[in-house]
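Student: I should like to learn how to read the features of a structural model. May we go through them one by one?

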Amino acid sequence: LLYIYFFFFKQKTAYEISACLVGSEMCIRDRYMGILIQLYNMDDLPQNMRAVRLHAYGQPLIVEDIPIPSLQEGEVLIKIEAAPINPSDQGFLVGGYPTVKKLPCVPGFEGSGIIVATGGGEKHWMTKGKKVACIAKADGDGTWAEYMVADVNSVMPLDDNMDVKDGACSFVNPLSVLAMVEECINNGVQSVIHTVGCSQLGKMMYRYFRSQGLQVIGVVRRSEQVDILKRECGQDVLVVNCQDSQWENQLRQLAKDYDARICFDAICGEMTGKVLSIMPDNSIMFVYGALSGVDCSKISPADLIFANKQVRGFWLPNYLSQKGVLGLDSIFRTVKKYIGSELKTQIYQEYGLNEIYSAIQDQNNNSSRGKVLISPNPQKRF
């Protein structure tokens with residue numbers, strides 16, 4: 001227990017705090033066995049790897065050969081099988097995300113792969129060859145490459161029966177959904193509005209919220225998305241289509257009927273103010289994205305002053321930084337339990353590293369159909 005507290009509290013950021021607990025289910029006694037033996041080295045690996053690199057924020061990405069980095073004690077080398085393209089990744093590319101790295105760097109916040117080498121130290125005797133989900137180091141290269149160095153405590157072992165590529169989206173969206181459920185519980189709310197109802201996060205919310213006895217009212221922008229949600233999440237899903245001229249009245253009625261006093265907004269722009277005005281008194285608007293590319297607007301002072309409505313920010317690292325050791329451990333165990341079911345991500349297509357721009361374009365054009373993966377060994381889905 002003393003070791004856990006030492007390792008946890010020496011972390012500097014919420015990003016690293018999340019990393020230090022992901023692998024906490026591995027037994028502490030491995031520390032002593034790992035110190036005595038370092039079983040694995042990198043002699044059998046190539047010297048260089050292909051990687052997508054960002055040389056300047058907002059500038060074109062370059063695919064190039066770079067040396068495979070050496071390992072320090074407490075680190076593992078992962079042969080990347082797949083990595084998603086998340087909105088946070090795209091925000092990082094243009095310098096619009098709080099995480100700032102020394103350039104040039106390899107983007108990609110999360111992914112999955114196989115551990116092929118270790119830097120020695122605790123736990124390493126039992127890690128080589130394991131299928132894992134992983135997150136990039138806060139100050140290191142990311143997952144859009146053939147290999148990535150990760151902290152041994154920032155990897156989550158995947159079940160033997162799970163395809164390694166299906167584990168590529170095990171952190172950003174699943175942890176966000178768990179955090180959203182907790183916000184509902186803390187505020188005594190049973191129903192929420194979500195402004196990107198047919199996103200992969202939105203579908204995950206429908207499934208997991210239902211398993212927890214909560215209700216989601218999704219807002220979408222095309223009739224095709226209504227059909228997708230009914231097919232993938234059940235015919236009884238609550239969804240409003242912005243193409244319908246009466247969508248605001250429909251959403252107002254649903255918000256009243258289900259007392260939906262929380263909204264999670266990833267759009268911004270006029271959507272923020274419009275939905276907030278529709279919601280009941282004492283409601284909270286959590287803004288966690290800005291897919292519209294513009295600031296929140298149309299927010300009525302009367303809603304804030306007289307209806308006691310609020311607008312707050314929602315950022316996953318802030319949530320994780322408030323968790324204690326046991327709280328984080330519980331969160332990551334829940335992710336592992338549900339990652340193949342309620343927290344599962346639908347994969348739409350795969351692209352190679354050299355196809356990075358086609359991959360980003362496809363993700364932006366077909367986000368409601370599933371996640372697009374970057375893979376050194378892509379298998380086209382159709």
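Student: Which sign does phi of glycine 188 take, just after H5?

Tutor: This is a predicted model, and in it glycine 188 takes a positive phi of about 65°. The glycine comes just after helix H5.

Student: How far apart are the end C-alpha atoms of H5, and what span should its 15 residues have?

Tutor: The expected span follows from a rise of 1.5 Å a residue. For H5, residues 172-186, that gives 21 Å, and the end C-alpha atoms are 21 Å apart, so the two values agree.

Student: How many of the residues of H5 are buried?

Tutor: A residue is called buried under 20% relative accessible area. In H5, 11 of the 15 residues are buried, so the helix is largely enclosed by the rest of the structure. Among them are Pro174, Leu175, Val177, Leu178, Met180 and Val181, as well as Asn173 and Glu183.

Student: How should one describe two helices that pack together?

Tutor: Two packed helices are described by the angle between their axes and by the distance between those axes. Here the axes of H8 (residues 247-257) and H9 (residues 270-278) come within 9 Å and cross at roughly 45°. H8 is therefore oblique to H9. The crossing of H8 past H9 is right-handed.

Student: Which residues make the contact between H8 and H9?

Tutor: H8 contributes Trp247, Glu248, Leu251 and Arg252, while H9 contributes Met271, Lys274, Val275 and Ile278. By class, the residues of this contact divide into 5 nonpolar, no polar and 3 charged.

Student: Let us turn to the loops. Is serine 283 buried or exposed?

Tutor: Serine 283 has 0% relative accessibility and therefore counts as buried. Its place is in the loop between H9 and strand E12 (284-287). Leaving aside neighbours within four places in sequence, serine 283 is in contact with Ala260, Arg261, Asn308, Lys309 and Gln310.

Student: And glutamine 47, is that residue buried or exposed?

Tutor: The cut-off for an exposed residue is over 50% relative accessible area. Glutamine 47 counts as exposed, because its relative accessibility is 67%. The residue lies in the loop between helix H3 (30-36) and strand E1 (48-54).

Student: Which residues does glutamine 47 touch, not counting those up to four places away in sequence?

Tutor: Glutamine 47 touches Ile66, Pro67 and Ile68. Separation in sequence and separation in space should be read together. Glutamine 47 and proline 67 are 20 residues apart in sequence, and their C-alpha atoms are 5.8 Å apart in space.

Notes. Residues numbered from 1 in each chain as written. Predicted model: local features only at pLDDT ≥ 70, side-chain atom pairs only at ≥ 80, totals over all residues. Heavy atoms only, no water. Axes fitted to C-alpha atoms, helices over the stretch in contact; angles between N-to-C directions. Helix = DSSP H or I, 4+ residues; strand = E, 2+ residues; numbered from the N terminus. Parallel < 35°, antiparallel > 145°, perpendicular 65-115°, else oblique. Left-handed = near helix turned anticlockwise from the far one by under 90°. Contact = heavy atoms within 4.5 Å. Nonpolar A, V, L, I, M, F, W, Y, C, P; charged D, E, K, R; others polar. Expected span 1.5 Å × (residues − 1). Buried < 20%, exposed > 50% of the residue type's maximum accessible area, 1.4 Å probe, protein only.
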